[in-house]
Amino acid sequence: MSVINSIGSGGSVAQIIAMRQQIIDRSSLLQELHRTRQAEAPQESTPAGGGFADTLKTALDGVNATQKNASELSEGYERGEVTDIAKVMLARQEAGVAFEATLQVRNKLLSAYQDIMRMGV
């Protein structure tokens with residue numbers, strides 16, 4: 001909200017550009033962190049017919065791990081064990097984005113299910 005307030009109360013174009021650059025930098029950092037975690041994660045072998053359920057379970061497990069990591073970093077920061085606030089905030093942002101994406105997928109699946117149920121009528 002403070003970003004919106006500063007823009008609304010006469011924020012300059014330079015401030016807006018600076019904020020835009022910060023967002024781009026954070027996004028790049030999150031993408032790099034995600035790529036690093038994917039490279040470090042053990043590769044699971046799925047049978048050839050793994051299917052949709054296995055893919056969905058793997059995705060949900062990934063979201064759960066992201067949220068646990070963010071929670072652990074937040075708790076560590078509260079205890080004074082983690083001093084890098086940027087790392088904590090990035091982890092929390094990543095967990096939020098992962099949860100929001102999961103919610104959107106759930107909404108699409110529910111909508112598709114409802115459409116299929118209406119076809120039989």
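## Close-ups of a four-helix chain

**View 1. The whole chain, before we zoom in.** The protein chain has four helices and zero strands. Keep in mind that this is a predicted model. Walk along the chain from the N terminus and the elements read α-α-α-α. There are 121 residues here, and 13% of them count as buried. On the outside, the accessible surface adds up to about 9,700 Å², with 60% of that belonging to carbon and sulfur atoms. What share of the contacts with a separation of 6 or more comes from residues 24 or more positions apart? In this chain, that share is 49%.

**View 2. The largest nonpolar core.** Six residues make up this core: Ala70, Leu73, Val82, Val88, Ala91 and Ala95. Two helices, α3 (51-79) and α4 (85-119), each chip in at least two of its residues. Which helix gives the most? That would be α4, with three residues. As background, nonpolar side chains in soluble globular proteins tend to be buried together. Now pick out Ala91, one of the core residues. Leaving aside residues up to four places away in sequence, Ala91 touches Asn69, Ala70 and Leu73. Of these neighbours, Ala70 and Leu73 are also on the list of core residues.

**View 3. Where α2 crosses α4.** A pair of packed helices can be described by two things: the angle between their axes and the distance between the axes. Helix α2 covers residues 13-40, and it packs against α4 at an angle of about 80 degrees, with the axes 11 Å apart. Angles from 65 to 115 degrees count as roughly perpendicular, so that is the description that fits α2 and α4. Which residues meet here? From α2 come Arg26, Leu29, Leu30, Leu33, His34 and Arg37, while α4 brings Leu90, Gln93 and Glu94. Sorted by type, the residues of this contact are four nonpolar, two polar and three charged.

**View 4. Glu94 and its neighbours.** Stay with helix α4, where Glu94 lies. Is Glu94 buried or exposed? Its relative accessible area is 11%, and buried means under 20%, so Glu94 is buried. Skipping residues up to four places away in sequence, Glu94 touches Leu30, Leu33, His34, Arg37 and Thr66. Leu30, Leu33, His34 and Arg37 are in α2, and they belong to the meeting of α2 with α4. Thr66, on the other hand, lies in helix α3.

**View 5. Thr66, seen from α3.** Here we look at the contact of Thr66 with Glu94 from the Thr66 end. Thr66 has a relative accessibility of 13%, so it counts as buried too. Besides Glu94, it touches Ala95, again not counting residues up to four places away in sequence. Ala95 is one of the six residues in the largest nonpolar core.

**View 6. Two partly exposed residues.** Gln31 sits in helix α2 and counts as partly exposed, at 45% relative accessibility. How many residues separate Gln31 and Glu94 in sequence? They are 63 residues apart along the chain, yet 9.4 Å apart in space, C-alpha to C-alpha. Then there is Lys87, found in helix α4. Lys87 has a relative accessible area of 47% and is partly exposed. Lys87 and Tyr77 are 10 residues apart in sequence, with 9.9 Å between them from C-alpha to C-alpha.

Definitions and conventions:
Residues are numbered from 1 along each chain as its sequence is written. This is a predicted model: local features need pLDDT of at least 70, side-chain atom pairs count only at pLDDT 80 or more; totals for chains, interfaces and linings use all residues. Side-chain values use heavy atoms; hydrogens and water are left out. A nonpolar core is a set of buried Ala, Val, Leu, Ile, Met, Phe, Trp, Tyr and Cys residues joined through side-chain atoms within 4.5 Å. Buried means under 20% relative accessible area, exposed over 50%, partly exposed in between (1.4 Å probe, protein chains only). Contact means heavy atoms within 4.5 Å. Accessible areas come from the Shrake-Rupley method with a 1.4 Å probe; for residues, only the protein chains shown count as cover. Axes are lines fitted to C-alpha atoms, for helices over the stretch in contact, and angles run from 0 to 180 degrees between N-to-C directions. Angles under 35 degrees count as roughly parallel, over 145 as roughly antiparallel, 65 to 115 as roughly perpendicular and the rest as oblique. Ala, Val, Leu, Ile, Met, Phe, Trp, Tyr, Cys and Pro count as nonpolar, Asp, Glu, Lys and Arg as charged, and the others, Gly among them, as polar.
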